[in-house]
Amino acid sequence: MNKGCFITFEGTEGCGKSTQIKLLDEHLRALGHRVRLLREPGGTLIGEEIRHTLKHSHNNAAMTAEAELLLMNASRAQLVREIIRPALAAGEIVVSDRFYDSTTAYQGFGRELDLDQVKAVIDFAVGEVRPNLTLLLHVPADVSAERLRSRQSTLPFVRDRIEEADRKFFERVAHGFGVIAANEPQRVKFINGAQSMAAVCAEIWKIIQPLLPKVGRW
Ligand code: TMP
């Protein structure tokens, strides 16, 4: 039986996940918890190579939706076995920036692949590993686009194949996340990411705190 706790963050581009994950990490560590921060795709040496192929490689322009689905899940299969399972067995709090809900939203709803086939691939990749809690940060499409633009203007330009998709794609992704939250309200908590950073952080903490005693103190 797992002793740890697995928390995932989800949402569209610019929803504020990275900031909130950083704040949560600091908060949990200050209380003495052992925390493992991960990101998808990536999080292992193999996964980070796959991430590069998916997002930034000069040779990825012709990637098909099917190849994208399988690469996302190849990275995930490695992460689950190399890091997540052992960390949970050791009683750590595993926090991942994205997990399989992103595949349902981006490859299923966004790329419009068959949802049953997408689910079958995810199930194969993750086995029995499921998040205990998923925090879905929602921001309206214009806020998401604006945050993305301002991020791109402050950082050196790095081409990202997925961010090149059109607005309709991101609307389908956002709709997909909404469907996921509606289907699994126990696990997936919908959070208004357009509030202030402090308000989002407080809302997240309110949800996470009651979970902690159940998974033990480390
Ligand atoms: P990010 O780390 O900046 O969020 O970039 C990851 C990108 O990969 C983001 O555009 C969402 C996308 N993605 C998928 O399309 N499917 C997946 O299963 C995952 C984990 C991410």
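A polar contact is a pair of N or O atoms within 3.5 Å. With that cut-off in mind, the tour of this predicted model begins at the ligand.

Select the ligand together with Lys55. An oxygen atom of the ligand lies 2.8 Å from an N or O atom in the side chain of lysine 55. Next, add arginine 98, where a polar side-chain atom is 2.8 Å from a ligand oxygen atom. Then add arginine 76: an N or O atom of this side chain is 3.0 Å from an oxygen atom of the ligand. The protein buries 93% of the 480 Å² that the ligand exposes when taken alone.

Expand the selection to the surrounding shell. It comprises 14 residues, the closest being Glu13, Lys55, Arg98, Thr103 and Gln107. Colouring by class shows seven charged, four nonpolar and three polar residues. Helix 4 (100-110) gives the largest share of this shell, four residues, while helix 2 (45-55) and helix 3 (65-89) each supply at least two.

Now display the largest pocket, in which the ligand sits. This pocket holds about 1,000 Å³ of space and is lined by 42 residues, with Glu13, Arg51, Lys55, Arg151 and Glu163 nearest its centre. Elements giving two or more lining residues include helix 1 (17-30), helix 6 (141-154) and helix 8 (197-208).

Finally, move to the second largest pocket, with about 350 Å³ of space. Of its 16 lining residues, Asp101, Thr104, Lys119, Ile180 and Glu184 lie nearest the centre. Helix 5 contributes the largest share of this lining, six residues. By class, the lining has seven nonpolar, two polar and seven charged residues.

Methods. Residues numbered from 1 in each chain as written. Predicted model: local features only at pLDDT ≥ 70, side-chain atom pairs only at ≥ 80, totals over all residues. Heavy atoms only, no water. Near = heavy atom within 4 Å. Polar contact = N/O pair within 3.5 Å; in protein donor to acceptor, adjacent residues only side chain to side chain. Areas by Shrake-Rupley, 256 points an atom, 1.4 Å probe, with all protein chains shown as cover. 1 Å grid on protein atoms, 1.4 Å probe; cavity = no way out; pocket = protein on both sides within 12 Å on 5 of 7 lines; lining within 4 Å. Sits in = over half its atoms within 2 Å of the grid points. Nonpolar A, V, L, I, M, F, W, Y, C, P; charged D, E, K, R; others polar. Points joined across faces, edges and corners; volume = space filled by probe spheres on them.
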